[in-house]
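Me: I'd like to learn how to read a model like this one piece by piece. Can you walk me through it?

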Amino acid sequence: MRRALLASLLAVVTVGLATAQPPPAPKRVDAPNLAPYVPTPQDVVDRMLALARVSKTDVVIDLGCGDGRIPITAAKKYGARGIGVDIDPQRIAEANANARKEGVSGLVTFKLEDALTTDVSSATVVTTYLLTASNLKLRPVLTRTLKPGTRIVAHNFGFGDWTPEKVDTFTDSGNHRRTLYLWTADGIVRP
Ligand SMILES: C[S@@+](CC[C@H](N)C(=O)[O-])C[C@H]1O[C@@H](n2cnc3c(N)ncnc32)[C@H](O)[C@@H]1O
């Protein structure tokens, strides 16, 4: 009797294990595609963070973070906290793996979210490498949410008629011309 009970329990467990499915892979977020994946070269990342004068007290949010190199560099080089947001689960997986490899998992967080709806209120620095039309969609979100004093650094693509307070144009290590733009949020909501 006891043996029969054990055998049937074993059968239930075996069938259960055989039919257990791995959890479904996270899906790409259904949101506007703000830019294709093109990583910023490392020397340009370094220059973006220098332009924003990033320090240990900063929270750096990269909207469309790709493999996470901007928040990861901010954490590794300056001890800042970093947040990266991307709609592509493959990028988020790469970013988390890179953070582990660089030993900064405790300082950075990567979120599978839409840059247009993610919460940017904790940022003291926002970085973008998105198309100008996408930056224009972000403008009302940023001006509504960012604390005054938060720096915004954009790589190659500006924010329409916002006049940058600094522009840094240079040739990178791969011999490509790059332009970086800096603004500081002033708390005034603009379209
Ligand atoms: C040009 S890459 C920049 C990657 C990274 N910021 C860098 O500079 O190396 C743009 C990234 O934005 C992501 N992206 C596109 N649309 C997005 C959206 N609506 N919300 C969040 N990320 C988005 C893409 O998946 C891609 O990884």
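Reply: Sure, we'll go through helix packing, burial, backbone angles and the ligand shell in turn. Keep in mind that this is a predicted model.

Me: Let's start with helix packing. At what angle do helix H2 and helix H3 pack, and how far apart are their axes?

Reply: For a helix pair, look at the angle and the axis separation together. Here H2 (residues 42–51) and H3 (residues 69–78) meet at about 65 degrees, and their axes are 10 Å apart. Angles from 65 to 115 degrees count as roughly perpendicular, and H2 and H3 are therefore roughly perpendicular to each other. As for handedness, the crossing of H2 past H3 is right-handed.

Me: Which residues make that contact?

Reply: On the H2 side you have Gln42, Val45, Asp46, Met48 and Leu49, and on the H3 side Arg69, Ile70, Thr73, Ala74, Lys77 and Tyr78. Sorted by class, the residues of this contact are 6 nonpolar, 2 polar and 3 charged. When you look at such lists, recall that an α-helix has 3.6 residues a turn, so residues three or four places apart point the same way.

Me: Now burial. Is H3 largely enclosed or largely open?

Reply: Count neighbours residue by residue, with 20 or more other C-beta atoms within 10 Å as the mark of a buried residue. In H3, 8 of the 10 residues are buried, so this helix is largely enclosed by the rest of the structure. The buried ones are Arg69, Ile70, Pro71, Ile72, Thr73, Ala74, Ala75 and Tyr78.

Me: And what do the buried residues of H3 pack against?

Reply: They pack against H2, strand E1 (59–63), E2, helix H4 (89–101), E3 and E4. Just after H3 comes glycine 79, with a positive phi of about 75 degrees.

Me: Loops next. Which residues should I look at in the loop between H2 and E1?

Reply: Try aspartate 58 and alanine 52, which both sit in that loop. Aspartate 58 has 21 C-beta neighbours inside 10 Å, so it counts as buried. Alanine 52 has 25 inside 10 Å, so it counts as buried as well.

Me: What do they touch, beyond residues up to four places away in sequence?

Reply: Aspartate 58 touches Ala74, Ala80, Thr124 and Val125. Alanine 52 touches Val125, Arg151, Val153 and Leu182. You can also set sequence separation beside distance in space. Alanine 52 and proline 71 are 19 residues apart in sequence, with 13 Å between their C-alpha atoms. For aspartate 58 and glutamate 102, the separation is 44 residues in sequence and 19 Å from C-alpha to C-alpha.

Me: What about glutamate 113: where does it lie?

Reply: Glutamate 113 is in the loop between strand E3 (108–112) and strand E4 (125–128). With 18 C-beta neighbours inside 10 Å, glutamate 113 counts as partly exposed. Its contacts, leaving aside neighbours within four places in sequence, are Val29, Val85 and Thr118. Its C-alpha is 28 Å from that of alanine 20, which is 93 residues away along the chain.

Me: On to backbone angles. What is the phi of asparagine 156, and what is that of asparagine 175?

Reply: As a rule, most residues other than glycine have a negative phi. Asparagine 156 has a positive phi of about 65 degrees, and asparagine 175 has a positive phi of about 70 degrees. Asparagine 156 is in the loop between strand E5 (151–155) and strand E6 (166–171), while asparagine 175 is in the loop between E6 and strand E7 (177–184).

Me: How do their surroundings look: is asparagine 175 buried or exposed?

Reply: Asparagine 175 is exposed, with 6 other C-beta atoms within 10 Å. Asparagine 156 has 18 C-beta neighbours inside 10 Å and so counts as partly exposed.

Me: Last one, the ligand. Which residues come nearest to it?

Reply: Start with the shell, then look at its classes. There are 25 residues around the ligand, and Leu34, Thr40, Gly64, Gly66 and Ala115 come nearest. By class, the shell has 15 nonpolar, 4 polar and 6 charged residues. H3 and strand E2 (81–86) each supply at least two residues of it.

Terms used
Residues are numbered from 1 along each chain as its sequence is written. This is a predicted model: local features need pLDDT of at least 70, side-chain atom pairs count only at pLDDT 80 or more; totals for chains, interfaces and linings use all residues. Axes are lines fitted to C-alpha atoms, for helices over the stretch in contact, and angles run from 0 to 180 degrees between N-to-C directions. Helices (H or I, at least four residues) and strands (E, at least two) are DSSP runs, numbered from the N terminus. Angles under 35 degrees count as roughly parallel, over 145 as roughly antiparallel, 65 to 115 as roughly perpendicular and the rest as oblique. A crossing is left-handed if the near helix is turned anticlockwise from the far one by less than a right angle, and right-handed if clockwise. Two residues are in contact if their C-beta atoms, placed from the backbone, lie within 7 Å. Ala, Val, Leu, Ile, Met, Phe, Trp, Tyr, Cys and Pro count as nonpolar, Asp, Glu, Lys and Arg as charged, and the others, Gly among them, as polar. A residue is buried if 20 or more other C-beta atoms lie within 10 Å of its own, exposed if 12 or fewer, and partly exposed in between; C-beta atoms are placed from the backbone. A residue is near a molecule or strand if its C-beta atom, placed from the backbone, lies within 6 Å of it.
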